[in-house]
Amino acid sequence: MEANSGDEEPVSGEVVSVAHALSLPAESYGNDPDIEMAWAMRAMQHAEVYYKLISSVDPQFLKLTKVDDQIYSEFRKNFEKLRIDVLDPEELKSASAKEKWRPFCLKFDGVIEDFNYGTLLRLDCSQGYTEENTIFAPRIQFLAIEIARNREGHNKAVYTGVQDKEEDKGDNRGEQEKTNNGEEEKEANKGINKSGETSM
């Protein structure tokens, strides 16, 4: 795949070939760097969209799929004691964890589109997507954990943090306007003497 220079849009043939490549089973590829980069870019775009969503809407009211209730109920039935505010990667990636997660994930084959598609998952839900705070996880694992984080109030920290910053920006703009208005008033008053007359 050729890289485009500057602001040029990709040629539609390239888009079609990337889309086709991403739809093929993983067994069709070795470690093709172009395909890995396409998957990584798609996963990052998904992460950015999701983070913007939980930053702008109270996560408690979000519905990520048509079957959120089913995902949440199965998740908490199978992973009742899993701490989700700050995840331990071992509870997701170790051999014993994978044995427990596999049957859960397979329950959603055919229920959730691309249930095993790779996504990025934040370890600490109060933080954003950074290299240190992100792991790669199947889509159904991401959905189960994020639905639980939303319903149990853990993602509220992201939302309120962004809202507080927005309020602070608004307060600072108000203070700046007051300061500017005060300076304009002083400037206007310079031409007025003590008796209230305008000096020329």
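These legends accompany close-up views of a predicted protein model. Residues are numbered from 1 along each chain as its sequence is written, and side-chain values use heavy atoms, with hydrogens and water left out. Because the model is predicted, local features need pLDDT of at least 70 and side-chain atom pairs count only at pLDDT 80 or more, while totals for chains, interfaces and linings use all residues.

**View 1. Confidence along the chain, given as pLDDT (the predictor's confidence in each residue, from 0 to 100).** The protein has a mean pLDDT of 80, with 70% of its residues at 70 or more. Over residues 1-12 the value is below 50, and this stretch has nine contacts (heavy atoms within 4.5 Å) beyond near neighbours in sequence. Residues 188-200 also stay under 50, with five contacts beyond four places in sequence. Where pLDDT is low, please do not read the predicted coordinates in detail.

**View 2. Helix H6, residues 139-151.** Helices (H or I, at least four residues) and strands (E, at least two) are DSSP runs, numbered from the N terminus. The end C-alpha atoms of H6 are 18 Å apart, in agreement with the 18 Å expected for 13 residues (1.5 Å times one less than the number of residues). Of these 13 residues, 11 are buried (under 20% relative accessible area, 1.4 Å probe, protein chains only); among them are Phe142, Glu146 and Arg149. The buried residues pack against helices H2, H3, H4 and H5 and strands E1 and E2. Gly153, with a positive phi near 85°, follows H6.

**View 3. Asp114 in the loop between helix H5 (95-106) and strand E1 (118-122).** Here a residue other than glycine has a positive phi, near 55°. Asp114 is partly exposed (between 20% and 50%), at a relative accessible area of 38%.
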